[in-house]
Each structure stands twice: as C-alpha cells, then as structure tokens.
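Trainee: Could you take me through one part of this model up close, and then show me how that part sits in the rest?

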Amino acid sequence: MEASETLGDAVCPRCGVLVVRLKELLHGIGYSPDTFNLLTPFASEVDQDSLDTVELFLQFQEEFDLQITDEEAETIITVADAIRFILKRKYGFTDEELPPS
C-alpha cells in the first residue's frame, strides 16, 4: 500500500489508498458506505465505548502495522484524523506535510 496514490479530492490527494482501506475497515464493522464522510466522527455511527470501536482500532493497528496508545486513540475522532495519524506514524510525515485539519 502506497500513501502516495491519489483519489480525487481525498483529505489530501496523496492519501487515496488510505481513504479506500479505512472505508473498507469501517464498512466491515457496520459503518454505512452511504454515510461515509471523512469529517464524520466515528462515534456518530459507532458507540465510542463499544467493542466495535476497540475492534476498529485493533484492525487499524494490524492493517497498518503500528501501535496506537489509549491516549492517541482518544485523539482519532474522524477518518481524516486516522489518516493524519497513519501518515505521521507509519510514513514519517512531518506536521507541515500533513493535510490540514
């Protein structure tokens, strides 16, 4: 998976593959693809305290081969936040290189 592949007007044009993969992971736990929005909070579709959310973050860790602390997980509110986290942690993006919030 390359972070540089494009997908139209994704949160950043270089993040297309991440957007697609995150959408697939979310769909796998019941997140409706029809309501998928990069700025929609995970909690709007999935109860933040539910096992689904824990499972989602476990899937993020496995899929992208990274660790997410509880404190970091609390800062990942939207799909866009997840993309920024993955770009920074996995691909070494600096704050200046990350797409805007």
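Mentor: Sure, here is a walk from one residue out to the whole chain. Bear in mind that this is a predicted model, where local features need pLDDT of at least 70, side-chain atom pairs count only at pLDDT 80 or more, and totals for chains, interfaces and linings use all residues. Residues are numbered from 1 along each chain as its sequence is written, and side-chain values use heavy atoms, with hydrogens and water left out.

Let's pick D81, which sits in helix 5, residues 79-91. Helices here are DSSP runs of H or I with at least four residues, strands are E runs of at least two, and both are numbered from the N terminus. The D81 side chain makes a polar contact with the side chain of R84, at 3.2 Å. That term means a pair of N or O atoms within 3.5 Å; within protein, one must be able to donate a hydrogen and the other to accept it, and residues adjacent in sequence count only if both atoms are side-chain atoms. Setting aside neighbours within four places in sequence, D81 is in contact (heavy atoms within 4.5 Å) with T75 and I76.

Zooming out, the protein has five helices and zero strands. On pLDDT, the predictor's confidence in each residue from 0 to 100, helix 5 comes out highest at 89, while helix 2 (residues 42-45) is lowest at a mean of 60. The protein's mean is 76, with 77% of residues at 70 or more. Over residues 1-10 the pLDDT is below 50, though that stretch has 26 contacts in the model beyond near neighbours in sequence.
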